[in-house]
Amino acid sequence: MSQVEKKAGLLRRTSSSKKPLKEKVVLMYDEIFAKEDPAKNNPRFWDELFLMKVNLEYLESKLESVDGEEVQRIQDNINSLFHHCVQALGEEHQIKVVNALQTLCALFRGVHQKNKSASGFDIINMLMGFDKAEQRMKDLMERLDSLLCGDGSESLKSLCLKLLLCLVTVTDNISQNTILEYVMINSIFEAILQILSDVSSRGQHGYDAVVLLALLVNYRKYESVNPYIVKLSIVDDEPTLDGMGMVVHQALTEYNRQYKDKEEENQGGFFSTLTSMVGSMFIADADEKLSVQTNEAILLALYEAVHLNRNFITVLAQSHPEIDIATTPTTPTPTTPTTPLGTTPPSLDMMNNPELPLDPNLQTSNLLITFLKYASIVMQDTKDEHRLNSARLCLIILTCIAEDQYADAFLHDDNMNFRVNLHRMPMRHRKKAVDKNIPSRPLVCAVLDLMVEFIVTHMMKDFPMDLYLRCVQIIHKLLCYQKKCRIRLHYTWRELWSALINLLKFLLSNETTLLAKHNIFHLALLVVNLFNMFITYGDTFLPTSNSYDELYYEIVRMHQVFDNLYCMVLRVSTNTGQWKEAASKVTHALVNVRAIINHFNPKIESYAAVNHISQLSEEQVLEVVRSNYDTLTLKLQDGLDQFERYSEQPKEAAFFKELVRSISLNVRKNVSLNTLSQDVLLKEFSTIS
């Protein structure tokens, strides 16, 4: 029996010699795949077809099994099926609408699956006929729009979004899906916004709507004018932007909650006892167990909103004492399969539950806090490609935030203090932080903590250079804002200085290995210039004069690292080689750091000799520093408070192309046939005539 026959479904066997009977709908599909017009002998063929329960698997597999010559033979019937599906969407009989939506899904998927190598024009021709395609797609998009915006069934709206997600993700590369040209011309942007602005519909369809929007924004975004990009960039309607923020907030909160549950599960019982007994032998295993699949789709939506729409920045800081989603109506909702969090929306129970777990002692939360916690989880382990992509995207989002004046204003606002419990990687040499000890501070402190945490925990053989560069640049952009606005932030700057010096130490220790893959001099230059920012402008943004003294103390105390760095870059810059120029820049950048070391070291040694002290205390060194500022000469360095603004094109284009491909494959896999199961839908419409 062929594969297609197996999927047709057996009704009964009368005897072993007779063929099994096929469902009526399967027989009707077979008529469509015959050469004759199925309506020729039965004028009511199409009416009857859409009253039948769809057999998606059979229809898709039938489309996939058609060879090149047969395609030409049955094209008129396929075009006719497409046309009648679109017409059925306008029917009052809602079971017909459901069946038409599902049939369209099978058509889009089956035709694309069979013709992967075919051009977009050939696929359009096979589906609807090239000469009629524009009108067919206009009718389809108008009917989907009216179904999404109307007062009809929530299940139908869900199915419309599933169909659109199915259509958008039929090709691996979204930009090669020529049918989407018609989705650009006949925009459903306003329908998506309406879903997001309405509390009830957002609760049920918000996740799919946001993912759909994120994907549509990425269609040929560098090649032509994409209307979804243009429209998203000018949205200024507060309820809509808040709605979008709420959907992202809920999805990330759900991820954080799942991670926390796994973490607590891992900390209990025998495993925990064993780990504490034998040290950290099993920490790597524990981390493996703690991995929860990342959610790049929702992160991409957040990125597009932050990157494209200046008005969305206000949503990041919107405080939520509790998640304000109203209880959704009792309308049955479409069933979805159990899938990894990477593509699955938060459960409706979770969306409707006002008492979401927030931090201890934290009365309010906001999207930015939830995002920072999410970032602190995914940035812990970057060995897996999905987590590496998530970490990179988190840092790109933070880069956009750090460059925005309004975002910087609320990040540094002393009247907006929060306790942000970031997740920290388990490490042998430090104790686990106690949540309750976290002080309430401006949000920029949590961003800096996240950067410091990443710097400290990823100095490893497989060095994530790209992520380190982004981290250091984010810190630089925040310092530029503090210097410009003379904001004296009460932050534990010594932790940052210590992390940066240890990073330089790591680069020096692994020079040969790292240089085989990376330009370590660029990163070293950025780190040295952060110190130059503190040395040159620290008196305008460090909280106290004592902080400035501590900076000098830290540089002098760790002078060996800077001395070694200078020797290394001098050696490379005086030899001919590919790194000559890059190393030379670091040599020049070290001028003030070396001036400080060369000025204060003899003074400290002299003080120790005069006072017969073999080892000076920190306070004694600080005293020497304070009393010898007057004779220190430093050079004024230009451009320390300048930075290159983030631009997606061309630098990030390849990253986003691959990311969108990965998300598209994931979404396609999860808008699976059983998500379109009719059982719930038919039950809902069983009383509708």
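These legends go with close-up views of one pocket and several aromatic contacts in a predicted model.

**View A. The second largest pocket, with a volume of about 750 Å³.** Start in the middle here: of the 26 residues in the lining, Gln473, Lys477, His522, Glu644 and Lys651 are the closest to the centre of the pocket. Three elements each give two or more residues to the lining, namely α21 (385-403), α24 (465-485) and α27 (520-541). If you want one helix to get your bearings, take α24, which supplies seven residues, the largest share of the lining. As for chemistry, the lining is a mix of nine nonpolar, nine polar and eight charged residues.

**View B. Phe121 and Phe130, an edge-to-face pair.** This is one of the 24 aromatic pairs that turn up in a search of the whole structure. The two ring centres are 5.7 Å apart, with 70 degrees between the planes; the cut-off for calling a pair edge-to-face is over 60. Are these rings buried or exposed? Neither label fits: Phe121 is partly exposed at 48% relative accessibility, and Phe130 is partly exposed too, at 40%.

**View C. Phe454 and Tyr468, a tilted pair.** Here the ring centres lie 5.1 Å from each other and the planes meet at 55 degrees, so this pair counts as tilted. Phe454 belongs to helix α23 (residues 443-457) and Tyr468 to helix α24, so the contact ties together parts of the chain that are 14 residues apart in sequence. You may recognise α24 from View A, where this helix gives the pocket lining its largest share. Phe454 is buried, with just 2% relative accessible area. Tyr468 is buried as well, at 0% relative accessibility. Both values fall under the 20% cut-off for buried.

**View D. An aromatic cluster built from Tyr491, Trp493, Trp497, Phe534 and Phe541.** Tyr491, Trp493 and Trp497 join Phe534 and Phe541 in one cluster. Helix α27 (520-541), one of the elements in the pocket lining of View A, is worth finding again here.

**View E. Lys221 over the ring of Phe656.** Look for the charged end of the Lys221 side chain: this end sits over the Phe656 ring, 5.4 Å from the ring centre.

**View F. Arg594 over the ring of Tyr566.** How far is the charged end of Arg594 from the centre of the Tyr566 ring? The distance is 3.6 Å, with the charged end sitting over the ring. For a charge to count as over a ring, the cut-off is within 6 Å of the ring centre.

Definitions and conventions:
Residues are numbered from 1 along each chain as its sequence is written. This is a predicted model: local features need pLDDT of at least 70, side-chain atom pairs count only at pLDDT 80 or more; totals for chains, interfaces and linings use all residues. Side-chain values use heavy atoms; hydrogens and water are left out. On a 1 Å grid over the protein atoms alone, a cavity is a set of points where a 1.4 Å probe fits but cannot get out, and a pocket is an open set with protein on both sides within 12 Å along at least five of seven lines; lining residues have an atom within 4 Å of a point. Grid points are joined across faces, edges and corners, and a volume is the space filled by probe spheres set on the points. Helices (H or I, at least four residues) and strands (E, at least two) are DSSP runs, numbered from the N terminus. Ala, Val, Leu, Ile, Met, Phe, Trp, Tyr, Cys and Pro count as nonpolar, Asp, Glu, Lys and Arg as charged, and the others, Gly among them, as polar. Rings of Phe, Tyr and Trp (its six-membered ring) pair if their centres lie within 6.5 Å; planes under 30 degrees apart count as stacked, over 60 as edge-to-face and the rest as tilted. Buried means under 20% relative accessible area, exposed over 50%, partly exposed in between (1.4 Å probe, protein chains only). A charge sits over a ring if NZ of Lys or CZ of Arg is within 6 Å of the ring centre and within 35 degrees of the ring normal.
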